[in-house]
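Okay, everyone, thanks for squeezing me in. Let me put the sequence and the model up on the screen, and then I'll talk you through it.

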Amino acid sequence: LFIGKLPWQGLTISNTKQKNKKICILKQELTTMDYYTKVPNALKKYLEYIKKLHFTNKPDYKYIKNIFINEMKLNHFPFDNKYDWVKSI
């Protein structure tokens with residue numbers, strides 16, 4: 001969503017079975033670093049962390065929250081719990 005498109009968008013394979021096979025191969029070969037070179041470091045770190053989680057693992061939410069808080073501090077963003085998608089009254 002951050003970049004705006006997926007690596008397999010725009011494939012021009014008319015055979016659905018072949019196209020799905022190609023998409024599957026692309027997904028398997030795709031690493032976090034290959035695709036996420038244009039995203040902020042905090043998002044990369046978050047994506048790498050969640051990718052390593054197993055289904056039964058409980059996420060370390062404090063760690064995840066701190067990834068983004070530290071990025072905000074590093075970039076001197078105010079941490080005021082006001083989000084840009086929430087409209088002010």
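So, the lining of the largest pocket: helix 3 and helix 4 each put in at least two residues. Helix 4 gives the largest share, with five residues. Before I go on, please keep in mind that this is a predicted model.

Back to that pocket. Its volume comes out at about 600 Å³. There are 17 lining residues, and the ones closest to the centre are F68, M72, F77, Y83 and W85. What is the mix of nonpolar, polar and charged residues in the lining? We get 11 nonpolar, one polar and five charged.

Hang on to F68, one of the residues closest to the pocket centre, as we'll meet this residue again in a second.

Next up, aromatics. How many aromatic pairs does a search of the whole structure find? Two. Take Y46 and F68: the ring centres sit 5.7 Å apart and the planes make an angle of 55°. An angle over 60 degrees would have been edge-to-face and one under 30 degrees stacked, so this pair goes down as tilted. Y46 belongs to helix 3, residues 41–52, and F68 to helix 4, residues 61–74, so we have a link between distant parts of the chain, 22 residues apart.

Are those two rings' residues buried, exposed or something in between? Partly exposed, in both cases: Y46 has a relative accessible area of 25%, and F68 has 31%. The cut-off for buried is under 20%.

The other pair is Y49 with Y63, also tilted, at 5.0 Å from centre to centre and with 55° between the planes. Here again a residue of helix 3, Y49, meets one of helix 4, Y63, so parts 14 residues apart in sequence are tied together. Y63 is partly exposed too, at a relative accessible area of 32%.

Now let me zoom out to the whole protein. It has four helices and zero strands, so if you read along from the N terminus you just get α-α-α-α. Out of 89 residues, 13% count as buried. The exposed area is about 8200 Å², and carbon and sulfur atoms supply 57% of that.

One last number, on contacts. If you take those with a separation of 6 or more, 30% are between residues 24 or more positions apart.

That's what I've got, thanks for listening.

Terms used. Residues numbered from 1 in each chain as written. Predicted model: local features only at pLDDT ≥ 70, side-chain atom pairs only at ≥ 80, totals over all residues. Heavy atoms only, no water. Phe/Tyr/Trp six-rings, centres within 6.5 Å; stacked < 30°, edge-to-face > 60°. Buried < 20%, exposed > 50% of the residue type's maximum accessible area, 1.4 Å probe, protein only. Contact = heavy atoms within 4.5 Å. Areas by Shrake-Rupley, 256 points an atom, 1.4 Å probe, with all protein chains shown as cover. 1 Å grid on protein atoms, 1.4 Å probe; cavity = no way out; pocket = protein on both sides within 12 Å on 5 of 7 lines; lining within 4 Å. Points joined across faces, edges and corners; volume = space filled by probe spheres on them. Nonpolar A, V, L, I, M, F, W, Y, C, P; charged D, E, K, R; others polar.
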